[in-house]
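Visitor: Mind walking me through this one? I'd like to hear the reasoning behind the labels as well as the labels themselves.

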Amino acid sequence: MKNPEVVMIGLGYIGLPTAALIAQNKVEVFGVDINPKVVETVNKGEIHIVEPELDQAVAKAVENGFLRAGINPVASDTYIIVVPTPFKGKNEPDISFVESATRGILPLLKEGDLYIIESTSPIGTTEKMRDLIYEARPELKDKIYMAYCPERVLPGNVMYELVHNDRVIGGIDDESTNKALTFYKRFVNGELHRTNSRTAEMCKLVENSSRDVQIAFANELSLICDKADINVWELINLANKHPRVNILQPGSGVGGHCIAVDPYFIVSDYPMESQIIGTARNVNNYKSFWCAEKIQNAKLKFELENRRKPKVALMGLAFKPNIDDLRESPAKYIVNKVLQNDSNGDYFIVEPNIEKHNVFKLTGVNEAAENADIIVFLVAHEEFKNIELSSDKLVLDFCGVIK
Ligand code: SAJ
């Protein structure tokens, strides 16, 4: 069998859509994943993650013979590393998956190959991998091209954004940057911006940290306004009428696998210098804890006033509005915390974007809203915006559903 033009290592939320996009352009891609189930699913032309339009893209690419998958890498001209970079210990980035993916292709590398890392990585990772490769294969020194090229796609809109977003491309030298740029030009319509690998690594971390800091500002305002008896939604709306002010929205915390995670890559390596970035993480984490406390207090108050326990509707489990993704979700954290403290309570748990959950018994939106005494909005899903609420209900709106 002919060698594929591209080997994609890691078939997750970014690797699989990227592999499908490249294959759609009639370029042969071989996807690699350590999970045999993922490999089997992809080879059947099916997908193991939720992302609009990805199912058709993978089905077509596999049917047309441009995408196949395996457990071990095969020889190619371009290798793209899109594996997870989790944490070890206390918020310390763990690049061992990037390292083992790199070691896996060491024997396959040859002069002229292009090696790209897309995984979110601490500063200096690409240079570390360059040193690792040169040490094991000294004859390849300065003879392969290496670059860091982060993605910046929004879950739920990945297939569109992969093509249309601008990208930052940072090589270990100018030739590498040029080679990577020529490669991405074949699939990306957005502008491609040249830099070095360290700046590209930092750029990815800074984009998400910047959003985290801005959300922390909004969340901090929500705590202050709660004490000061000011409607934070009205306040932000009014402040944003200023031509140079653009405050984001407070919520029940910050979730997902990017914004709540990437700032720690900076904080862990530059703890003294990253005071604001670290504090923003703490503020956003504290916001979820504060919401759980607010719910407890509202329940106790209701019980004292009515001499019975309230029925509580907990509205939303996803990590942000209008998606079904519960990973790293502040809403789910709050629901768990509330239930932990009161396992005999009467709760309706609502998540309109999923049908069934293996831990939580789910209730429909209207049924919960009609029967609960206290209604807590944890996620601003569209389905919640038109609920008719009778005036006897106590509402805790942490994400501006009612405003
Ligand atoms: N959130 C707020 N208030 C806001 C906006 C968001 O509380 O005003 C919360 C959301 O509810 C959610 C969290 O922040 O819990 C993150 O949601 P998000 O929509 O801001 O971002 P993600 O995590 O879905 O995707 C981000 C994006 N990064 C930026 O917008 C800078 C995306 O472009 C990145 O590609 C992605 O992270 C990633 O993979 O790094």
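Guide: Sure, and keep in mind that this is a predicted model. Around the ligand there are 19 residues, and the closest are Val 153, Lys 204, Asn 208, Arg 211 and Phe 319.

Visitor: What classes of residue make up the shell around the ligand?

Guide: A mix: 9 nonpolar, 4 polar and 6 charged residues.

Visitor: What makes the pair of Lys 204 and the ligand a polar contact?

Guide: The cut-off for a pair of N or O atoms is 3.5 Å. A polar side-chain atom of Lys 204 sits 2.6 Å from a ligand oxygen, so the pair is within 3.5 Å and counts. The backbone joins in too: an N or O backbone atom of Arg 152 is 3.0 Å from an oxygen of the ligand, and a polar backbone atom of Gly 255 is 2.9 Å from a ligand oxygen.

Visitor: How much of the ligand does the protein bury?

Guide: 84% of the 780 Å² that the ligand exposes when taken alone.

Visitor: Why are helix 8 and helix 10 called roughly perpendicular?

Guide: Their axes cross at roughly 110 degrees and come within 7 Å. The label covers 65 to 115 degrees, so helix 8 and helix 10 are roughly perpendicular. On the helix 8 side, the contact includes Lys 204 and Asn 208, while helix 10 brings Asp 262, Pro 263, Phe 265 and Ile 266. By class, that contact has 6 nonpolar, 2 polar and 3 charged residues.

Visitor: And why is helix 5 oblique to helix 8?

Guide: Helix 5 and helix 8 pack at about 135 degrees, with axes 8 Å apart. Roughly perpendicular ends at 115 and roughly antiparallel needs over 145, so helix 5 is oblique to helix 8. Thr 125, Thr 126 and Glu 127 of helix 5 meet Ser 197, Arg 198 and Glu 201 of helix 8. This contact has no nonpolar residues, but 3 polar and 3 charged ones.

How values were computed: Residues are numbered from 1 along each chain as its sequence is written. This is a predicted model: local features need pLDDT of at least 70, side-chain atom pairs count only at pLDDT 80 or more; totals for chains, interfaces and linings use all residues. Side-chain values use heavy atoms; hydrogens and water are left out. Axes are lines fitted to C-alpha atoms, for helices over the stretch in contact, and angles run from 0 to 180 degrees between N-to-C directions. Helices (H or I, at least four residues) and strands (E, at least two) are DSSP runs, numbered from the N terminus. Angles under 35 degrees count as roughly parallel, over 145 as roughly antiparallel, 65 to 115 as roughly perpendicular and the rest as oblique. Contact means heavy atoms within 4.5 Å. Ala, Val, Leu, Ile, Met, Phe, Trp, Tyr, Cys and Pro count as nonpolar, Asp, Glu, Lys and Arg as charged, and the others, Gly among them, as polar. A residue is near a molecule or strand if one of its heavy atoms lies within 4 Å of it. A polar contact is a pair of N or O atoms within 3.5 Å; within protein, one must be able to donate a hydrogen and the other to accept it, and residues adjacent in sequence count only if both atoms are side-chain atoms. Accessible areas come from the Shrake-Rupley method with a 1.4 Å probe; for residues, only the protein chains shown count as cover.
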